[in-house]
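User: Hi! I would like to go through this structure with you, one question at a time. Could you start with whatever background I need?

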Amino acid sequence: MARSKIALIGGGQIGGIQALLATYKELGDIVIVDIPEMESRVKGKALDITEATPHAKVDAKLTGTSDYADIAGADVVIITAGVPRKPGMSREDLLSVNLGIIRKVAEGVKTYAPDAFCILVTNPLDAMVYTFYKLTGFPKNRVVGMAGALDTARFAAFVAMELNVSTKDIAATVLGGHGPTMVPLPRLATVGGVPLTDLLPQEKIDAIVDRTRKAGTEIVGLLKNGSAYFSPAAASLEMAEAYLKDKKRVIPSAALCEGEYGINGLFIGVPCVIGAGGVEKILEISLTDDEKAALQVTADKVAATVKETGL
Ligand code: APR
């Protein structure tokens with residue numbers, strides 16, 4: 001069987017780590033695409049990682065390019081092309097510049113990799129995945145946004161830090177837009193099957209929920225000249241792997257809702273089954289009235305940003 005092909009559109013901070021992780025996971029051959037001014041840099045990253053493959057003990061062909069034609073035949077396309085946040089900026093502040101970039105990316109992917117499973121990472125996430133979907137016309141099961149995977153990982157990391165337990169045993173779900181209005185669901189979180197609400201007092205849970213909502217901003221404040229890149233790379237690779245290996249993982253992701261959760265026509269974070277069919281299914285959770293109200297707030301926020309795309 002031929003190796004899978006993974007196209008990484010954007011070879012900056014996140015794209016470079018994605019290339020390294022995809023290599024170590026031996027997911028397939030990797031093409032890193034960037035703008036012509038950055039072609040030399042992505043060629044350098046591809047060669048540098050190639051020279052790490054003897055350590056990784058894996059086989060992978062890595063290339064760097066500025067020619068979208070080189071993504072032809074890609075099974076998965078992961079898009080980080082765009083500008084990241086600086087301290088003081090919200091994800092929405094990136095809308096106009098990243099909208100122009102996603103327009104170009106959508107054209108390239110539509111032309112050269114029309115059958116790929118496409119994972120968007122560029123912010124503001126929910127609006128960028130909507131834009132890409134509209135411009136490519138790809139089926140909804142093959143277009144998804146990476147947000148919930150990361151937001152859930154952040155929540156799990158904070159729970160593990162608080163309880164001093166393995167992150168492996170923490171199960172959690174975060175709904176809604178990728179921003180401060182997201183809706184973590186601690187009511188449903190478990191640690192080795194034990195409800196989180198049995199293990200931590202409400203004020204500690206509230207603090208973890210609050211920190212999760214602001215986790216991206218916390219990293220931006222610490223890094224000072226960009227946004228998180230290790231964790232978004234890891235989260236997006238988990239989604240790519242679920243698709244390539246038909247794992248049917250349940251991963252909260254920004255998927256197109258058409259009636260689910262009473263939301264229509266928006267990409268927003270919901271629990272998705274990801275396998276060889278892409279987004280194979282959206283799982284619906286019965287929510288409490290408070291959770292429903294919080295989901296409405298975040299859906300309204302996403303709708304307002306989507307409206308600004310003019311699409
Ligand atoms: N095609 C391909 N790559 C592009 C294009 C394009 N049309 N336009 C810009 N890029 C590239 C940039 O040249 C840069 O190398 O996208 C890369 C983005 O990398 P960084 O600036 O390092 O940003 P990064 O931290 O990787 O974040 C990328 O993901 O999480 C989001 O908010 C974040 O929107 C940002 C994106």
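Analyst: Happy to! A polar contact is a pair of N or O atoms within 3.5 Å; within protein, one atom must be able to donate a hydrogen and the other to accept it. Please keep in mind that this is a predicted model.

User: Thanks! Which backbone nitrogen does the side chain of Asn123 reach?

Analyst: Asn123 sits in the loop between β5 (117-120) and α5. Its side chain makes a polar contact at 3.1 Å, inside the 3.5 Å cut-off. The partner is the backbone nitrogen of Leu125.

User: Is Asn123 buried or exposed?

Analyst: Beyond its neighbours within four places in sequence, Asn123 is in contact with Arg91, Leu94, Asn98, Met128 and His178. Its relative accessibility is 17%, and the limit for a buried residue is under 20%. Asn123 therefore counts as buried.

User: How far is a polar side-chain atom of Asn123 from an oxygen atom of the ligand?

Analyst: Let's look at the ligand site as a whole. The ligand is surrounded by 23 residues, and the closest are Gln13, Ile14, Asp34, Arg41 and Tyr68. A backbone N or O atom of Ile14 lies 2.9 Å from a ligand oxygen, while an N or O atom in the side chain of Asp34 is 2.6 Å from a ligand oxygen. For Asn123, the distance from a polar side-chain atom to an oxygen atom of the ligand is 3.0 Å.

User: What is omega at the peptide bond that joins Asn123 and Pro124?

Analyst: Pro124 lies in the loop between β5 and α5. The bond that joins Asn123 to Pro124 is a cis peptide bond, with omega at about -5°.

User: On to the rings. What is the angle between the planes of Phe132 and Phe138?

Analyst: The structure holds four aromatic pairs. One of them joins Phe132 and Phe138, with 6.0 Å centre to centre. Both of these residues are buried, and Arg142 lies over the face of Phe138, at 5.2 Å from the ring centre. The Phe132 and Phe138 pair is edge-to-face, and the angle between its planes is 80°.

User: How many residues apart are Tyr133 and Phe267?

Analyst: Tyr133 and Phe267 form an edge-to-face pair, 5.1 Å centre to centre with 65° between the planes. Tyr133 belongs to helix α5 (residues 125-136) and Phe267 to strand β13 (residues 264-275), so the pair links distant parts of the chain. Both residues are buried. Along the sequence, Tyr133 and Phe267 are 134 residues apart.

User: How far apart in space are Met146 and Asp126, C-alpha to C-alpha?

Analyst: Met146 is in the loop between β6 (143-145) and α6 (148-163), and it counts as buried because its relative accessibility is 2%. Leaving aside neighbours within four places in sequence, its contacts include Ile119, Leu125, Pro232 and Met239. Met146 and Asp126 are 20 residues apart in sequence, and their C-alpha distance is 8.9 Å.

User: Now the sheets. Which residue in β10 is the bridge partner of Ile170?

Analyst: β7, β10 and β11 form an open sheet in the order β7-β10-β11, with antiparallel pairing. Its edge strands are β7 (170-171) and β11 (194-195). Two bridges join β7 to β10 (residues 190-191). In β10, the partner of Ile170 is Val191.

User: Which residue in β13 is the bridge partner of Pro252?

Analyst: β12 and β13 run antiparallel and are joined by 10 bridges. They form a hairpin with five residues between them, and Gly259 in the turn has a positive phi of about 110°. Seven of the 10 residues of β12 are buried. The bridge partner of Pro252 in β13 is Pro271.

User: Last one: is Lys248 buried, exposed or partly exposed?

Analyst: Lys248 lies in the loop between α10 (230-244) and β12 (249-258), and it has a positive phi of about 55° although it is not a glycine. Asn164 also has a positive phi, near 55°; it is found in the loop between α6 and β7 and counts as exposed at 71% relative accessibility. At 42% relative accessibility, Lys248 counts as partly exposed.

Methods: Residues are numbered from 1 along each chain as its sequence is written. This is a predicted model: local features need pLDDT of at least 70, side-chain atom pairs count only at pLDDT 80 or more; totals for chains, interfaces and linings use all residues. Side-chain values use heavy atoms; hydrogens and water are left out. Rings of Phe, Tyr and Trp (its six-membered ring) pair if their centres lie within 6.5 Å; planes under 30 degrees apart count as stacked, over 60 as edge-to-face and the rest as tilted. Buried means under 20% relative accessible area, exposed over 50%, partly exposed in between (1.4 Å probe, protein chains only). Helices (H or I, at least four residues) and strands (E, at least two) are DSSP runs, numbered from the N terminus. A charge sits over a ring if NZ of Lys or CZ of Arg is within 6 Å of the ring centre and within 35 degrees of the ring normal. Contact means heavy atoms within 4.5 Å. Two strands pair if DSSP finds at least two bridges between them. A residue is near a molecule or strand if one of its heavy atoms lies within 4 Å of it.
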